[in-house]
Amino acid sequence: DGVYVYELSAVLIHRGVSAYSGHYIAHVKDPQTGEWYKFNDEDIEKMEGKKLQLGIEEDLAEPSKSQTRKPKCGKGTHCSRNAYMLVYRLQAREKSLTVQVPAFLQELVERDNCKFEEWCNEMAEMRKQSVARGKIKHEEVKELYQRLPAEAGSPYDFISLEWLQKWLDESTPPKPIDNTACLCSHGKLHPDKISLMKRISEYVADFFYRRYGGGPRLNVKALCKDCVVERCRILRLKNQLNEDYKTVTNLLKMTVKGTDGFWVGKASLRSWRQLALEQLNEQDEDAEHSNGKMNGNAQNKDESNEEKREEEEELNFNEDIVCPHGDLCISENERRVVSKEAWEKLKQYFPKAPEFPNNKECCSQCKILEREGEENEALHKMMASEQKTSLQNLFHDKCRPCLGSWPQETDELYIVSQFFVEEWRKFVRRPTRCSPVSSIANSVLLCPHGGLMFTFASMTKEDSKHIALIWPSEWERIQKLFVVDHVIKITRTQTAEGARYASEPQLCPECREGLLCQQQRDLREYTQATIYIHKVVDNKKVMKDAAPELNVSSSEAEEEREENKPEGEQDPDFNQANGGTKRQKLSHQSYITYQKQGIRRSTRHRKVRGEKALLVSANQTLKELKIQIMHAFSVAPFDQNLSLDGKILSDDTATLGSLGVIPESVILLKADEPIADYAAMDDVMQGERGGEGLPLACW
């Protein structure tokens with residue numbers, strides 16, 4: 001029966017391209033004053049005048065729609081495409097502004113007001129005291145500032161400019177004066193640190209040191225004379241360096257006659273100007289790092305000492321022609337004779353450089369060593385030639401026996417380590433670069449009990465790359481040429497049931513089982529291993545065997561060609577020190593280390609197109625692997641379908657070791673195609689419903 005009129009009191013605006021994401025902004029009307037306020041998280045703004053536009057947020061969220069023509073609204077009416085919720089309040093005929101505050105709430109307010117009054121009084125007192133101290137400090141600074149400059153002819157002191165600036169800052173009380181950052185290695189004022197100091201009168205300096213303490217005090221005699229002289233010398237040489245470089249270059253073109261010249265290294269002559277400049281700059285670096293008081297930072301001091309040690313390891317001027325015995329080297333290709341005038345110019349910059357007159361004899365010890373080296377090279381060549389001729393089958397690897405197809409002409413074969421064969425071939429190919437192999441260390445093929453670590457079946461398959469089979473006739477020659485620590489022999493016996501094979505020494509079952517367990521454990525407990533992720537396209541995996549020349553990248557093909565080169569060409573600089581004599585007897589655990597390091601594996605995974613390598617650990621979860629795959633292939637984890645050897649990998653919490661992922665594994669990745677994005681789907685839904693331009697809340 002009554003009149004019920006509702007007025008708009010709040011509007012919730014939604015900003016975003018779709019209903020699945022975005023941001024909410026509230027516009028609320030004060031019922032007492034009638035003013036509107038905008039609440040945007042922690043930002044609150046009063047809306048008045050032109051700001052009183054409730055739909056203005058859509059211009060920020062949808063710039064493309066803001067260019068369209070806006071509908072006209074009458075006075076007192078608001079238009080918005082993004083209004084998500086409207087709040088109306090019933091109008092009251094008489095608005096009462098009197099509110100009865102409960103007694104307990106009034107008491108709480110009064111108690112809080114009392115605390116606030118006490119806090120205000122404390123702040124006022126503290127401010128009063130601060131102002132009083134500030135006035136005293138101001139008068140003190142005013143008096144000292146007038147007497148701060150040192151007059152001409154009057155005694156003065158140097159004080160740290162940084163400390164003086166802190167003293168003028170009234171916010172923090174000054175600490176004791178610290179002038180150590182401006183001292184040189186002699187404990188005096190460094191000339192390059194004058195810009196960090198302020199010259200003040202002795203009267204003010206006395207006041208500062210009496211009031212605040214510190215030091216060391218630097219008076220008129222504090223400037224280091226030695227550093228000033230050295231700095232002047234360095235500056236003079238720097239200015240003179242370019243002229244001296246031209247002079248020395250012209251002197252080097254002159255032919256030296258007689259014995260008036262000096263030997264200088266060719267490498268030193270090519271870089272002497274750069275060496276001289278670096279040497280002149282070392283004085284500045286020493287001024288900053290040589291004194292521990294300079295910066296007070298022990299870490300920086302240690303770093304500078306480490307850098308200095310590295311620099312000392314580099315050769316100084318003319319040390320490139322000094323032999324290990326401290327005398328003139330025997331190689332004349334590395335040095336040349338310069339005139340006496342050129343040497344005197346160079347000595348100005350390098351006074352400590354080693355000096356070798358033209359008539360100086362070369363090092364006698366180096367001459368002896370050179371002759372011995374030539375004799376050893378000739379001996380090595382002769383030894384390599386004899387061994388190659390004697391062991392043709394072992395060198396060429398063409399007529400070597402094979403356990404898989406036992407030769408009929410013999411019933412016994414001998415075994416040596418494949419590592420020995422590879423090192424011996426390197427020596428034969430490069431006798432002047434590689435040391436000769438003098439012994440055969442078959443102990444690496446045996447367990448600590450002296451038993452064989454391989455079965456006959458494994459030696460025909462996976463362990464065949466670790467051993468080399470030797471003919472009996474060839475074994476006799478090997479025993480004459482090398483020292484063999486253990487003889488390993490495989491014997492075939494013909495029976496009615498067929499051929500039987502026995503080894504001397506016999507197989508050690510316990511150590512063999514331990515070796516296999518350790519190998520499996522290593523495959524499950526790796527920390528940094530490479531696996532390969534192959535992305536499946538159109539539900540078909542690109543097979544490597546189908547067209548390897550198309551799938552393999554150019555770098556992989558280059559590596560493949562490198563593998564097919566002879567051993568000597570692959571690794572010409574490899575040396576086996578002392579042959580195999582230093583190899584100790586290894587347990588089955590240490591043998592695995594030898595197996596990984598000592599023996600080069602010829603089998604290698606060949607990456608194909610659409611495949612990427614990742615570094616993983618055994619304790620890494622499948623979820624962490626999916627994140628790595630996401631960065632590598634730009635496929636979200638929930639769109640990844642992974643499989644290994646036909647087994648689906650779905651447990652995100654499981655570790656890679658528990659899932660059977662081992663080093664060199666190839667995991668297949670099939671990516672789910674994502675559906676259309678939510679924003680586009682939202683537009684389609686609105687277009688189908690014929691409500692384009694209307695807020696989603698209307699549906």
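This is a short walk through two nonpolar cores, one helix and two buried strand residues in a predicted model.

Before I start, a word on conventions: because the model is predicted, local features need pLDDT of at least 70 and side-chain atom pairs count only at pLDDT 80 or more, while totals for chains, interfaces and linings use all residues. Residues are numbered from 1 along each chain as its sequence is written, and side-chain values use heavy atoms, with hydrogens and water left out.

Let me begin with the largest nonpolar core, by which I mean a set of buried Ala, Val, Leu, Ile, Met, Phe, Trp, Tyr and Cys residues joined through side-chain atoms within 4.5 Å; buried is under 20% relative accessible area, exposed is over 50%, and partly exposed is in between, with a 1.4 Å probe and protein chains only. This core has 23 residues, and those with the most contacts inside it include Ile-531, Leu-614, Ile-629 and Val-661. At least two residues each come from β19 (529–535), β20 (611–616), α21 (622–633), β21 (640–644) and β23 (666–671), where helices (H or I, at least four residues) and strands (E, at least two) are DSSP runs numbered from the N terminus. The largest share, five residues, is supplied by α21.

If we stand at Val-661 and leave aside its neighbours within four places in sequence, we find it in contact (heavy atoms within 4.5 Å) with Leu-523, Tyr-526, Ile-531, Leu-644, Leu-656 and Ile-667. Apart from this core lies another, of 20 residues, with Ile-234, Leu-241, Leu-252 and Ala-342 among them.

Turning to helix α16, which covers residues 509–524, how are its buried residues placed around the axis? The buried ones are Cys-511, Arg-512, Leu-515 and Gln-518, and because they cover an arc of only 125° around the axis, taken from the directions from the helix axis to the C-beta atoms, they are on the same side of α16. On the other side, Pro-509, Glu-510 and Glu-513 are exposed.

Finally, two residues in strands. Asp-157, in β6 (residues 156–160), counts as buried because its relative accessibility is 2%, and its side chain makes a polar contact of 2.7 Å with the side chain of Arg-217; such a contact is a pair of N or O atoms within 3.5 Å, where within protein one must be able to donate a hydrogen and the other to accept it, and residues adjacent in sequence count only if both atoms are side-chain atoms. Lys-489, in β17 (residues 488–495), is buried as well, with a relative accessible area of 18%.

Terms used: The expected span of a helix is 1.5 Å times one less than its number of residues.
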